[in-house]
Amino acid sequence: MDNARLARGLHEHTAGFAAAAAGAGPDTRVPTCPEWPLRVLTGHVGQAHRWAASIVRDGPSPVPDPFDADPGSPDKWADWLREGAVDLEEAVRAAGDTPVWTFFGPQPARFWLRRMLHDTTVHHADAALATGRGFTVAPDLAADAITEWLELLCDPVTASLKPDFAELRGTGQTLRLAPDAGPGWLITRAPGGVRWTREPAAADVTLAGPVEDLLLVLTRRLPLDRLAVTGDEALAGHWLAHTAA
């Protein structure tokens, strides 16, 4: 997926988030982010875009507190969110192929464009669920979000950032994510950590359904019963219980 598609997706879901939040009160409860009212969730999204842009331009800085973000009055949220997404896209474009800081070592600046796209997509779903608005995500973006999440889980640094992820290690147990179209993902819980491939194969448990639903179940925005589960459902439940971001 090239940078143009990542940027287009970022703007689509930033605008979608703004539309989902429009007209709702700042203190609206967000069931899928229970510690954050809608104002804080909005602040986090715009704050994260600006933080990622600053990393691309100037190097690492402390992770900001979402409660410190000030998105302004609700009637200004859409513009404030859009400005943050534009700032990030411009920073990544200016950086080109220059490696920048990430939690996982130096990587091309597009790392942050991709990371913020998928973070924004999931939070767009949060806002839509909180306000009763519709939510959709293009299949290519949903598939890339799943792939990126698995890439992050496979990196040894991830368990050091969130020790609960170490519980995903296993003795060869396998989970298959089977979208309606495409090869899906085969996840193996090995002693050294999580491994995955895109090759079709049998697994101890298979989760099947539209790729959008797979993404939202994996990120715990929808319940497991939204998917067709075949095999060891307890294994799927354990995975979901230990992959809370």
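In this predicted model, strands β6 and β7 pair in the antiparallel sense, with four bridges between them. One of the residues involved is Val205, whose bridge partner in β7 is Gly231. On the β3 side the pairing takes the other sense: strand β3 (residues 173-179) and strand β6 (residues 205-209) run parallel and are joined over five bridges. Val205 takes part here too, as the bridge partner of Leu175, and Ala208 of β6 is the bridge partner of Ala178. Strands of a sheet pair through backbone hydrogen bonds, in either a parallel or an antiparallel sense.

These pairings belong to an open sheet of five strands, arranged in the order β5-β4-β3-β6-β7, with mixed pairing. The edges are formed by β5 (193-197) and β7 (228-231); each has a single partner strand, so one side of each lacks a neighbour in the sheet. On average, and ignoring direction, neighbouring strands of this sheet are turned by 20° against each other. Burial was also examined for β6. Four of its five residues are buried, so β6 is largely enclosed by the rest of the structure.

Two helices lie across the sheet. Helix α7 (residues 211-218) lies across β3, β4 (185-190) and β6, and runs at about 140° to β3. Helix α8 (residues 233-241) lies across β3, β4, β5, β6 and β7, and its direction is at about 85° to β3.

Away from the sheet strands, His49 was considered in its surroundings. This residue lies in helix α2, which spans residues 38-58. His49 has a relative accessible area of 1% and is therefore buried, the limit being under 20%. Its side chain makes a polar contact of 2.7 Å with the side chain of Thr120. Leaving aside residues up to four places away in sequence, His49 touches Leu10, Thr14, Leu81, Gly84, Ala85, Leu88, Met116 and Thr120. Thr120 thus appears both in the polar contact and in the list of residues touched by His49.

The second largest pocket holds about 190 Å³ of space. Its lining consists of Phe104, Gln107, Pro108, Arg110, Phe111, Arg114, Glu148, Glu151, Leu152 and Asp155. Strand β2 (107-108), helix α4 (110-131) and helix α5 (139-154) each supply at least two residues of this lining.

Terms used:
Residues numbered from 1 in each chain as written. Predicted model: local features only at pLDDT ≥ 70, side-chain atom pairs only at ≥ 80, totals over all residues. Heavy atoms only, no water. Buried < 20%, exposed > 50% of the residue type's maximum accessible area, 1.4 Å probe, protein only. Polar contact = N/O pair within 3.5 Å; in protein donor to acceptor, adjacent residues only side chain to side chain. Contact = heavy atoms within 4.5 Å. Pairing = 2+ DSSP bridges. Axes fitted to C-alpha atoms, helices over the stretch in contact; angles between N-to-C directions. 1 Å grid on protein atoms, 1.4 Å probe; cavity = no way out; pocket = protein on both sides within 12 Å on 5 of 7 lines; lining within 4 Å. Points joined across faces, edges and corners; volume = space filled by probe spheres on them.
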